[in-house]
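The exercises below ask you to read a protein model step by step. Try each task with the sequence and the structure at hand before turning to its solution.

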Amino acid sequence: MATVAENFSLRPNHKKKFRAPVVKEIMKKVLQQKLDGQEYHPDNVTNYTKEIADTICARLKEVGWDRYKYIVQVVIGEQRGEGLKMGCRCFWDSDTDSYAEEMYTSKQLFCVATVYGIYHY
């Protein structure tokens, strides 16, 4: 029988750390699956963003990075040739926590997905 002390770890095993390239590939596949062939409709954007965020989160859970919490942000906009600037600031443990982002563009719309992986001590 394992005790609490045996299971507690302040740092994840190096094989169980949040890996941005793995997350980017998951996001890329999800964005292509959900948005290829879609047109921008303001009434549907809320549903698209929720569905994409939920799918990304579910796929991240399948990776098996124990004790990580995920924040998934998805922004969809109409492609009009205008610029978009996004920024964030995070106070976290740079040894265990990280983020990844992926962008999808088509003639009709653009989408930026960001995932923050936070290790729960």
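**Exercise 1. Find which residues leucine 60 is in contact with, leaving aside its neighbours within four places in sequence.**

Solution. In this predicted model, set aside the neighbours of leucine 60 within four places, and the residues in contact with it are Val23, Ile26, Trp65, Tyr70 and Val115. Next, place leucine 60 in a wider setting: Leu60 is among the residues with the most contacts inside the largest nonpolar core, a list that also includes Val23 and Val115. That core has 25 residues, and the elements giving two or more residues to it are H2, helix H3 (42-63), strand E1 (68-78), E2 and E3.

**Exercise 2. Work out how many helices and strands the protein chain has, and which pattern they follow along the sequence.**

Solution. Begin by counting the elements, which gives three helices and three strands. Then read along the sequence, where the pattern is α-α-α-β-β-β. For the overall extent, the C-alpha trace spans about 55 × 30 × 20 Å along its principal axes. Finally, look at how the contacts are distributed: among those with a separation of 6 or more, 78% join residues that are 24 or more positions apart.

**Exercise 3. Decide which element has the lowest mean pLDDT and which the highest.**

Solution. Start from the chain as a whole, for which the mean pLDDT is 89, with 93% of the residues reaching 70 or more. Going on to the separate elements, helix H1 (residues 4-7) has the lowest mean, 56, while helix H2 (residues 20-35) has the highest, 97.

**Exercise 4. Identify which residues line the largest pocket, and sort them by class.**

Solution. First consider the space itself, which amounts to about 210 Å³ in the largest pocket. The lining consists of Gln73, Leu84, Lys85, Met86, Gly87, Cys88, Tyr99, Glu101, Met103, Val112, Thr114 and Tyr116. Two or more lining residues come from each of strand E2 (98-105) and strand E3 (109-119). Sorted by class, the lining has seven nonpolar, three polar and two charged residues.

**Exercise 5. Is threonine 114 buried or exposed, and which residues does it touch?**

Solution. Locate threonine 114 in strand E3, and recall that Thr114 is one of the residues lining the largest pocket. Its relative accessibility is 4%, so threonine 114 counts as buried, since the cut-off for that class is under 20%. Not counting residues up to four places away in sequence, threonine 114 touches Met27, Ile71, Val72, Gln73, Tyr99, Ala100 and Glu101. Among these, Gln73, Tyr99 and Glu101 also appear in the lining of the pocket.

**Exercise 6. Is aspartate 54 buried or exposed, and what separates its C-alpha atom from that of valine 115?**

Solution. Aspartate 54 lies in helix H3. Because its relative accessibility is 53%, aspartate 54 counts as exposed, the cut-off being over 50%. Along the chain aspartate 54 and valine 115 are 61 residues apart, and their C-alpha atoms are separated by 12 Å.

**Exercise 7. Describe where lysine 24 is found and which residues it is in contact with.**

Solution. The place to look is helix H2, where lysine 24 is found. At 34% relative accessibility this lysine 24 counts as partly exposed. Leaving aside neighbours within four places in sequence, lysine 24 is in contact with Ala100, Glu101 and Glu102. For the last of these, the C-alpha atoms of lysine 24 and glutamate 102 are separated by 5.9 Å, although the two residues are 78 residues apart along the chain.

**Exercise 8. Describe the loops in which arginine 19 and arginine 67 are found.**

Solution. Arginine 19 lies in the loop between H1 and H2, and with 35% relative accessibility arginine 19 counts as partly exposed. Apart from neighbours within four places in sequence, the residues in contact with arginine 19 are His14 and Trp65. Arginine 19 and histidine 120, which are 101 residues apart in sequence, lie 16 Å apart in space, C-alpha to C-alpha. Turning to arginine 67, the loop is the one between H3 and E1, and its relative accessible area of 29% makes arginine 67 partly exposed. The backbone of arginine 67 has a positive phi of about 70°, although this residue is not a glycine.

Note on methods:
Residues are numbered from 1 along each chain as its sequence is written. This is a predicted model: local features need pLDDT of at least 70, side-chain atom pairs count only at pLDDT 80 or more; totals for chains, interfaces and linings use all residues. Side-chain values use heavy atoms; hydrogens and water are left out. pLDDT is the predictor's confidence in each residue, from 0 to 100. Helices (H or I, at least four residues) and strands (E, at least two) are DSSP runs, numbered from the N terminus. On a 1 Å grid over the protein atoms alone, a cavity is a set of points where a 1.4 Å probe fits but cannot get out, and a pocket is an open set with protein on both sides within 12 Å along at least five of seven lines; lining residues have an atom within 4 Å of a point. Grid points are joined across faces, edges and corners, and a volume is the space filled by probe spheres set on the points. Ala, Val, Leu, Ile, Met, Phe, Trp, Tyr, Cys and Pro count as nonpolar, Asp, Glu, Lys and Arg as charged, and the others, Gly among them, as polar. A nonpolar core is a set of buried Ala, Val, Leu, Ile, Met, Phe, Trp, Tyr and Cys residues joined through side-chain atoms within 4.5 Å. Buried means under 20% relative accessible area, exposed over 50%, partly exposed in between (1.4 Å probe, protein chains only). Contact means heavy atoms within 4.5 Å.
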